[in-house]
Structure formats: structure tokens, C-alpha cells
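User: Hello! Could you take me on a close look at the nonpolar core of this model, and then show me how the parts around it are held?

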Amino acid sequence: MHKDDPGKAPENRGGALAPGETEQTLTNRQGHPITDNQNIRTIGSRGPSTLENYHFIEKISHFDRERVPERVVHGRGAGAHGYFEAYGKLGDEPIAKYTRAKLFQEAGKQTPVFVRFSSVIHGGHSPETLRDPRGFATKFYTEDGNWDLVGNNLKIFFIRDAMKFPDMVHAFKPDPVTNVQSMKRFFDFVSQTPEATHMITFLFSPWGIPANYRQMQGSGVNTYKWVNAEGKGVLVKYHWEPLKQGIRNLTQQDAEKLQAKNFNHATQDLYEAIERGDYPEWELQVQWMSDDEHPELDFDPLDDTKLWPPEQFPMLPVGKMVLNRNPANYFAEVEQAAFGTGVLVDGLDFSDDKMLQGRTFSYSDTQRYRVGSNYLQLPINAPKKHVATNQRDGQMAFYVDIAPGQNPHINYEPSSLGGLSEADRPGEPHEPAYNAKLTRQKIDRENNFAQAGDTYRKLEEWEKDDLIANLVDALGTCTDFIREKMVGYFTEADADYGRRVAEGLKAAGNGNDGHVGTFPANEGMEMASELGHSTDGY
């Protein structure tokens, strides 16, 4: 670093500027100017991504390696073992009509599961009362191998393109200089990301602080596919609905009272409920639609900032999950549990959802870095079935995935010398067709505000009051530009929504008096010195 300023790079590090560049021009670490930092490269505006997405892969793989060994996101978590019991139907129809995945076919069939609940942005020992989405990740140990359904408690997300994920998390994490989370940074990013308005409406309402892990919903968030025996695919979304526990959320005031008493409350609640035999249960409900663009909708069904209206696409039950056993060791089972959106079994498939495509690379890449290249040999991650691969060695390899009778000299395929051979195909392949340019561009039907307005109008009055108060506090330290952008977004969503936030900000006044936190955070900091009792030392 520069000898006079540890935050300044050496003057000769970057060399000369290329024609058309300024010192503020974004490049990658190869020095290539980045002309589009918003969209991954896809076939058509909504098609699948391609492996040669160099900028995205460099960006996301560096991001995956930013924290050691704690997860970059979802750092704080709790987990439990249990089982999933299939209903054998999708609503009233045989489920085989839609998917050939074996775990769903027979009514009463049970599949072992492990679930990890988590917060998203905050670190490993942060209070469980903080405003944050909650992770809801389920590992199904099926007869065909593992299936990981990795999502959150809320059914939508902030962004729709994986290119923006590192930027989003950087903006939401603590300031790299002060190490304090900043609502100015948070809303600086959000104010340039209009599609986040829907998620912000949920997050700053009581839905942003679930009462505990047992009494919250879960969702796969992204759009996936089901594939039947004929190879026909349909688009699906997954949702976990708490059965006997119900859904409970906290206001900001409730959360502050609770945090003064217990900042581990959700982990303790889950553990004690299972220990006393009060096993939490969720029903897995699935929405489906045909696998096409659905031009009749005013949004793209692959857009993860949108809900699929249940009146058009009903929530159909396919099974239930019961958690009935606590981990024997937190680190071995909860901390080392490793999930990935690419972990699918036959009958389940990917859609062209841009966030899903990016997550599928990022999640497993993170696990290889965080836990190690042999993370799937750990008992919590290993499938409960036959495994035989030609993968060898790597950090912490403690056995070889070799089959009985396999020639130990042969770790490649194909071979005529006693190596492994390919499996038989279980059904017709799903082969979607594409005829579009390889491009970088946004989806056509953004419609960033309509559903945010619908969500606002559906909130109860006490939920609206909490939403407005939380947004006013959070935006209090932001610049006028950021405030105006956000008020504009809220007004686009619903006129009353924008008016109430604008009036609240006007009443609250401007400025943060040199502080880096929100008004309540600044007040708390000042209280510490005022409430502290003087002492002479020792």
C-alpha cells in the first residue's frame, strides 16, 4: 500500500489509462474495461447463461473467497435433522404427470432431510433479532442422491441478475473503512436498483424479522423445472408453509425488547422445541406453469423479484417435512453443512432464471473453498447411497470413492480395464430449444413496482406503520438524492406508500451529525457512554 496512506494504492500500480478511460473507469483485474456490469451473458434476454461468462465468473469466484472460514453470507445458522413425507400427488393429480423424481411418487414415502436456517448478511455471532432475510436450506438424502433446496423465508429477492450479487452483498455488509453497516451504502445501491423495491417492502415491514425459525415460511425463491418420464418440463416454484406452528413476525420495537433479553433466541427455540418433542412441521407447496414466456403476464416468470399470483398459479401441496432430531455436534453438522442450488436429482431441472444460473456456480464453488475440495465426504454432506467417482486426492481426502471390484489403477472413463461405466438413462431427456442471440441485456418485462404496491396494500395497518417507521429511520442518514429516488420508487408502487415515507422523512429532518449509523444506532452508541458507570480502574 502507499507509504503515506494505507488506503491508497501505489501510484504506478495501474499504469496508463486506455483511450476513453478515466481513473474511475471500472475494469477487471486483467485491466479489461467493463462495459456491462449489470447483466450476465445469456442466449436472448431471458435465456440460459454460458460458461464463458468470464467477467461474471471472475467476479463471483473472487467474491466466494472473501471470507475464511465463515460463510460470506448466511454466516449465522441453526440446523436440525428430520424427514420429508410425500403425498404422491400434485394437488389432486398424480405427481408422475409432472415429475419423475422418485422421492415424490409414493404417498407416505419418507426421505431423510437436514435443514439449516440462517440469517443472510450478518455474521456468525450476530443477534438473531436483526432485520435480515432468513435462509431456509434443505438437504434431501434421496435414493438417487442428494437434492438441495436452497432458499429464504421471503419468496422474492433484491436483484434478478447474478452479476449484481457481489455488489449487493458489499453494499449491505459493513463499510470497509468504518466496519459499521451503513444505511447510506445500503440505499445507495438499492436506489440504483429499482427491482429491489418489492423486497424492500417486505424486508422493512415485520416480515423482515421472523419471530423465530419454527414460525416462518420458506421458499426456493428461484424458478426451477420439473421433468416427467417423457422429458416434458414445467416451471415450478417451491414454498414451505409452517403447519402447526403458524407464522409470527416481530416489529422493530418487539425485536429491540427481545434482543435485550436473548440474542440467541431462535437457535435456542428450535433446539428446545425438538428436545421436548414439539417437532416443527412444514408443508411443501408447489406452483407450476407451462415452460414458455407467458406473454399474458405483466412480468417474466423467471424474474425472482416477482411473486407468481396464487389465484392464477395455486399453491399445491406435495408433502410435509418434520424436524425431529437435533445435531450431536454443531460444527460437524450445522457449520460444515454445505448446500448448492445445482444439487438436483433426476426429474428436477434448472430453469433459465439468471439468478439461479449464477447461484448454481457460486454455491458449490464457495463450499469447495470454505470447507474443502472433499466437502462431500463429510457425513453431513455425503449422500446416503452408493458413490463411485474418478475424483481423487485434494485437501483432506480421507477415503477413495472406489466401487467394489473396480480396478484401483483406473481413475478415468471410458476404459476397458475394469473402470466405472455410465448409468442407464432413467427417462427421456429434457431438451429445451433456443433461437436467440448471445447477448447482455435486461429482461423485457421489468415491471419493478406493481407487485411492490400490491404487497404494500395487503399489509395490515400495524405492518404498514412499522414499515414506514423503519424506512424513515433507515433513510434518515442518506443523501437527498437517495431519499428522493427511494420516495419515487415507493410512490410508483403506491401513492400512499410514497407519501407516508416522504412525510416521515420531512418530520425527521436531515443529517446525521457526523455519525455513520442510523438515528437509533447513533442514539444507542451515545447511550453507552452516558449509562456507563465510572471506575478508578484496578
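Analyst: Happy to; here is a walk through the core, followed by the salt bridges, some backbone details and the overall fold.

A quick word on the ground rules: this is a predicted model, so local features need pLDDT of at least 70 and side-chain atom pairs count only at pLDDT 80 or more, while totals for chains, interfaces and linings use all residues. Residues are numbered from 1 along each chain as its sequence is written, and side-chain values use heavy atoms, with hydrogens and water left out.

Let's start inside. The largest nonpolar core has 54 residues. Here a nonpolar core is a set of buried Ala, Val, Leu, Ile, Met, Phe, Trp, Tyr and Cys residues joined through side-chain atoms within 4.5 Å. Buried means under 20% relative accessible area, exposed means over 50%, and partly exposed is in between, with a 1.4 Å probe and protein chains only. The residues with the most contacts inside this core are Phe 158, Phe 165, Phe 186, Phe 187, Ile 200 and Phe 204. Helices that give two or more residues to it include H1 (54-64), H2 (165-172), H3 (183-190) and H4 (197-203), and also H9 (450-458), H10 (461-475), H11 (480-493) and H12 (495-508). Helices (H or I, at least four residues) and strands (E, at least two) are DSSP runs, numbered from the N terminus.

Ile 200 is a good place to zoom in. Leaving aside residues up to four places away in sequence, Ile 200 touches Phe 158, Phe 186, Phe 187, Val 190, Leu 467, Leu 471 and Phe 490, where contact means heavy atoms within 4.5 Å. A second, separate core of 38 residues includes Leu 90, Val 236, Ile 274 and Met 321. As background, nonpolar side chains in soluble globular proteins tend to be buried together.

Now for the charged pairs. The structure holds 26 salt bridges, each a side-chain nitrogen of Lys or Arg within 4 Å of a carboxyl oxygen of Asp or Glu. One of them joins Arg 500 and Asp 465 at 2.7 Å, N to O. Because Arg 500 lies in helix H12 and Asp 465 in helix H10, this pair ties together parts that are 35 residues apart in sequence. Asp 465 is partly exposed, at 41% relative accessible area. Salt bridges that share partners also link Arg 160, Asp 303, Lys 306 and Glu 446 into one network. Within that group, the side chains of Lys 306 and Asp 303 meet at 2.9 Å, N to O; Lys 306 is buried at 2% relative accessible area, and Asp 303 is buried at 2% too. Lys 164 and Asp 167 form another bridge, at 3.2 Å, N to O. There, Lys 164 is buried at 13%, whereas Asp 167 is partly exposed at 24%.

The backbone has some details to look at as well. Asn 179, in the loop between H2 and H3, has a positive phi of about 60° although it is not a glycine, and at 60% relative accessibility it counts as exposed. A cis peptide bond joins Glu 413 and Pro 414, with omega about 5°.

Stepping back, the protein chain has 13 helices and 14 strands, and buried residues make up 52% of its 538 residues.
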